Amino acid sequence: MTRRKAVPDRGGPVTALGSNVHIFARPHQREPLRWCFETVLSCPVATVGHPAMPEPMLIVKFPGGGNLSIEFTPDAPDDDRPRLGAWLELRAEDPAALMRTALEAGLTQVKHPGHPYYFMAPGGQVFTIAPAG
């Protein structure tokens, strides 16, 4: 068994998960992702440039709080299968209705025993829809 080193006090324990998420996608997914969040999920989407990045990011603002920034790079994972990385949670008053909207728009349903409301965005990122509140 590996012994772990003691960690010096650096200001206390982590107390919360922040409300900002950053993901990566390939450049050809820019417009499909904009459509997914803006049209299907009804979230405002802005384009923001950064001098150190070759491509502008998309920033998705969720009406109930939180932001998702999407950075575009040719090295990002890109597949028509669900990514086996972090799955992100969205909140909705009526998860079943939002899931129907996503499926009717052509987004792919992801089956997982957690609950019935998982879908895949363009590029393979998986989102679950949980009840708000």
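The accessible surface of the protein comes to about 8700 Å². Carbon and sulfur atoms account for 56% of that surface. The model is predicted. Of its 133 residues, 35% count as buried. The C-alpha trace spans about 50 × 40 × 30 Å along the principal axes.

The protein has two helices and eight strands. Along the sequence these elements follow the pattern β-α-β-β-β-β-α-β-β-β. Contacts reach far along the chain. Among those between residues at least 6 apart in sequence, 57% join residues at least 24 apart.

Strand 3 covers residues 57–61. Four of its five residues are buried, so strand 3 is largely enclosed by the rest of the structure. Strand 3 pairs with strand 2 (residues 45–48) in the antiparallel sense, over four bridges. Within this pairing, Val48 has Met57 of strand 3 as its bridge partner. Strand 3 also pairs with strand 4 (residues 67–72), again antiparallel and over four bridges. Here the bridge partner of Lys61 is Asn67, in strand 4. Strand 3 and strand 4 form a hairpin with five residues between the strands. In that hairpin, Gly65 takes a positive phi near 120°. In a regular strand, side chains alternate between the two faces of the sheet.

Leu88 lies in strand 5, which runs over residues 88–92. Its relative accessible area is 17%; the cut-off for buried is under 20%, so Leu88 counts as buried. Not counting residues up to four places away in sequence, Leu88 touches Val21, Ile23, Leu68, Gln125, Val126, Phe127 and Thr128. One of these contacts, Leu68, falls within the residue range of strand 4. Val126, Phe127 and Thr128 fall within that of strand 8 (residues 126–131). Leu88 and Tyr118 are 30 residues apart in sequence. Their C-alpha atoms are 9.6 Å apart in space.

Aromatic residues were examined next. A pair of aromatic rings is described by the distance of the centres and the angle of the planes. A search of the whole structure finds four aromatic pairs. Phe37 and Phe127 form one of them, in an edge-to-face arrangement. The ring centres lie 5.6 Å apart, with 80° between the planes. Phe37 belongs to helix 1 (residues 30–40) and Phe127 to strand 8, so this pair ties together parts that are 90 residues apart in sequence. Both Phe37 and Phe127 are buried.

Phe127 also pairs with Phe119. The centres of these two rings are 5.7 Å apart and the planes meet at 20°, so the pair is stacked. Phe119 has 0% relative accessibility and therefore counts as buried. For Phe127 the relative accessible area is 1%. Phe37, Phe62, Phe119 and Phe127 form one aromatic cluster. Phe127 thus takes part in an edge-to-face pair and a stacked pair, and is also touched by Leu88.

A further ring contact involves a charged side chain. Arg30 lies over the face of Phe72, at 4.2 Å from the ring centre. Arg30 falls within the residue range of helix 1, and Phe72 within that of strand 4.

Terms used. Residues numbered from 1 in each chain as written. Predicted model: local features only at pLDDT ≥ 70, side-chain atom pairs only at ≥ 80, totals over all residues. Heavy atoms only, no water. Buried < 20%, exposed > 50% of the residue type's maximum accessible area, 1.4 Å probe, protein only. Contact = heavy atoms within 4.5 Å. Pairing = 2+ DSSP bridges. Phe/Tyr/Trp six-rings, centres within 6.5 Å; stacked < 30°, edge-to-face > 60°. Lys NZ or Arg CZ within 6 Å of the ring centre and 35° of its normal. Areas by Shrake-Rupley, 256 points an atom, 1.4 Å probe, with all protein chains shown as cover.
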